[in-house]
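Here is a short walk through one chain. Keep the model in view as you read.

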Amino acid sequence: MKAFVLAVAVLAAFATSASAQVSTGREEKSPHANPPEPPKPDDKAYKAALQRIPDPKQKYDPWGGVAPAAPSPAPAAAAKKK
């Protein structure tokens, strides 16, 4: 009985792989053969969107939140103390 089940399973595996290779006679178009045109940018909408961006009140400083380093004593000041 085990041999029969094993034989059926092997035949089913071969049948499914063989049926995947059989051509149906009709040819399908490849999606890479003629790609659709990409949408063209709308210059009017782009310029209108740029007009809606408000002007900044202050210049943006990306390092503004970083605390400045503590001033180190200058070598000349250390020489004057001696």
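**Surface, helices and a patch**

The chain's accessible surface is about 9,000 Å² (Shrake-Rupley method, 1.4 Å probe), and carbon and sulfur atoms hold 63% of it. Of the 82 residues, 0% count as buried (under 20% relative accessible area).

This is a predicted model: local features need pLDDT of at least 70, side-chain atom pairs count only at pLDDT 80 or more, and totals for chains use all residues. Residues are numbered from 1 along the chain, and side-chain values use heavy atoms, without hydrogens and water.

The fold reads α-α-α along the sequence. There are three helices (DSSP runs of H or I, at least four residues) and zero strands (E, at least two).

Confidence varies. Mean pLDDT (the predictor's confidence in each residue, from 0 to 100) is 76 for the chain. Helix H2 (residues 43–52) has the highest mean among the elements, 93, and helix H3 (residues 75–81) the lowest, 60. Where pLDDT is low, coordinates should not be read in detail.

Now look at helix H1 (residues 2–21), which holds Val-8. Val-8 is partly exposed (from 20% to 50%), at 43% relative accessible area.

Notes: Buried means under 20% relative accessible area, exposed over 50%, partly exposed in between (1.4 Å probe, protein chains only).
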